[in-house]
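Colleague: Please take a close look at one chain. I would like its overall build, its helix packing and its contact with the neighbouring chain.

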Amino acid sequence: MKQGHRKNKKFGMVIDLDKCTGCGACMVACMAENNVSFKKDETDKLLSITWMKVYKLTNGKPFPDMEICYLPRPCMHCEGHNGHSPCVTVCPVVATDYDVDTGIVSQIPTRCFGCRYCMAACPYHARYFNWWDPVWPEGMEKYLSPNVSPRMRGVVEKCTFCFHRYQLALEKVYVRGQRELDEGDYQTACTQACPAGAITFGDLTNKEHAVYKLKEDPHAFRLLERLGTNPKVYYVSSHEWVRRLADNYHPHEETGKVGGHH
Amino acid sequence: MDSALIPKGVKRCPLPQFLGGLAVAGVVLLWGVYAILLIWIKGLHVTGMNDYYGFALWIWADLAVIALGGGAFFTGFLRYIVGKDEIKNIINFAVTIGVICYISALLILAIDVGQPLTRAWHIFWHANVHSMLTEVAFCLSAYLVVLIIEYIPLVLENRQIDKVPFFHHLSHNMHEVMAVFAATGVFLSCFHQGSLGGVAGVMFGRPFAFREHLFIWPWTFFLFTWSAAAYGPCFTIFLAKLTEKITGKRLIKDNVYDLLAKISGWMILTYIIAKIADTWYWAAVTLPSQGHTLMDFYSNNAFYGIWILVAEIGVCGILPALILVTKKGRSSSTLIWTAVILGCIGVCLNRWVMILQTMAVPSIPFDSWQLYMPTWPEVATTILPVAFGVIVVMISYRYLPIFPQEQELNPIEP
């Protein structure tokens, strides 16, 4: 195998909202894959840990003109300006970091001491605090993934784009004698679980990857682009009202014409 | 029974009455301690916080006590750097209040973080120099040390301790070099007060809190330092006057109050002009560039209306400033009480808004406002510093010469 540095990547997602049915399979897959803990009572959604969360949007019109759209929201893995994600720079203990090799915003639960500044700084509410000790129903702990450490009480956690899968994929390609990953080598659990194929994952800078083209769709957009967070999750919707809900616009402004494209 | 410990030439209430007062404050303190243990043992789920309110009542209380405790560093600045000699008659009390406020602030942080016992040290060991919170942690801790150094000579001046030659000389020598510590305190305070403002101001994902920067510092950095220096003395005056009411004695001469109130008034006036300019720029330039209007943040919810901005800037900013800068305002007992109380409310309101309203505002357009209600353990632990403060002031007042003019103002008839 040739030695040397791998090319820097920017892993990201393109989620086709026209395809998403809101089934929630991505949420379930994410929880199972990443050992996300849960409680007996999950009625208060502001206390539920959902690395991937599906929002239900409506156009606000009464029947029969009412339309619904489901919007899955993982961590946006914001690049900000030169890797200055909203959450990364604020963390006082470097428990979260922007990885320039992959573009993934990491989370190090064993470093985190639970100040929750990152949660306050994240406009997407993609970060979750462990308010309780993680407890699984008896016997279920045997089904936890050995690749992901469960998080303890008092620390923050979030979507990692299944970073452990990236590490496993690197081992796989090393054995194959390759230096670079193929598109299929590294896919997130939510991507694979989506029955509608609404989620596409890959390197946003690699022309060979599907996400490269999909993000160029004229109907592609990102959440809250105007804030300068520079997220790596793109959405596609053919509905103007959906695109308009993704950011703050003055009445005279057109979607897609303003915002911080980086 | 404890007369040997009481400073000479002053009168104090009977010991049982004093102990009774301590017991009342002690009960409240114990209630808070019980809540702390509950939080540490059970976890932060016993609070009303949630994933939208990672910062809540405690962080507000933390910011508020630090701002109110700003009277310590600012009076130190006036006394030792500017050379306002009259301030020496209130500085001991200001330092005592400062010590209480900063111990409270650190205690609150120790309850607030998720892993206080095993990982709180990470902030010093794994420090991220880019984080405003790191700067807060370092400067806050260092400044508390400075405040304790400023408070120690006061303790050493207790009648019995002062009899020991070593402590007498130590106290004397510490007084001699106090200007160095006062200057260090001012330096540290400017940074941690500012960094607390920076905590909110750098959050570019939260348009309600985010402010434009000067170099690496958002405008809130300067506004927080300025407001602490401006409103902190209001709290010192308020508590000194409250102590006078409770003890039924004059403890500080009017000219001292007048000087501090006048300086505080001008500081508030200049601060509020800067705050208005900041608010205008934010509303007219920053927000529109992000697709927002000012009223996005003051409508469509049950609590946060434009009234809160009017209250902070107008009622609790311009009004106390105007009272305190005028001789007539300062000479009226009612008006000075009104001004210092409004001032204290004003700076607390500012900290409330920068923390809790920031959390309440929906950051995603299809999300909604979230209001939050603290639980009793949060309330108990937030009241704890008040009980702690009452106890420290009671003990300090009884046994230490914190009011140098007391003897002169209250001569004991033979």
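Modeller: Here is chain B, from its overall build to its contact with chain A.

This is a predicted model: local features need pLDDT of at least 70, side-chain atom pairs count only at pLDDT 80 or more, and totals for chains, interfaces and linings use all residues. Residues are numbered from 1 along each chain as its sequence is written, while chains are lettered from A and ligands numbered from 1 in the order in which they are written.

Chain B has 17 helices and 2 strands. Helices (H or I, at least four residues) and strands (E, at least two) are DSSP runs, numbered from the N terminus. The C-alpha atoms fill a box of roughly 75 × 55 × 35 Å along the principal axes. The radius of gyration of chain B is 22 Å, which agrees with the value near 22 Å for a compact globule of 414 residues. That radius is taken over C-alpha atoms, and the globule rule is 2.2 Å times the number of residues to the power 0.38. Of the 414 residues, 49% are buried (20 or more other C-beta atoms within 10 Å of the residue's own, with C-beta atoms placed from the backbone).

Now the helix pairs. Axes are lines fitted to C-alpha atoms, for helices over the stretch in contact, and angles run from 0 to 180 degrees between N-to-C directions. In chain B, the axes of α3 (residues 70–82) and α11 (residues 219–247) come within 7 Å and cross at roughly 100°. That makes α3(B) roughly perpendicular to α11(B) (65 to 115 degrees). Residues are in contact if their C-beta atoms, placed from the backbone, lie within 7 Å. Here α3(B) contributes B:Gly70, B:Gly71, B:Phe74 and B:Thr75. Among the residues from α11(B) are B:Tyr231, B:Gly232 and B:Phe235. By class, this contact has 6 nonpolar, 5 polar and no charged residues. Ala, Val, Leu, Ile, Met, Phe, Trp, Tyr, Cys and Pro count as nonpolar, Asp, Glu, Lys and Arg as charged, and the others, Gly among them, as polar.

In chain B, helices α12 (residues 254–289) and α13 (residues 307–325) pack at about 145°, with axes 8 Å apart. Their contact includes B:Trp266 and B:Leu269 of α12(B), and B:Ile313 and B:Pro320 of α13(B). It divides into 12 nonpolar, 3 polar and 2 charged residues.

Last, the neighbour. The contact takes 38 residues from chain B and 44 residues from chain A. On the side of chain B, α6 (122–125) and α7 (132–156) are the elements that give two or more residues. The largest share, 4 residues, comes from α7(B). That side has 18 nonpolar, 17 polar and 3 charged residues.

Note on methods:
Parallel < 35°, antiparallel > 145°, perpendicular 65-115°, else oblique. Contact = placed C-beta atoms within 7 Å. Buried ≥ 20, exposed ≤ 12 C-beta atoms within 10 Å, placed from the backbone.
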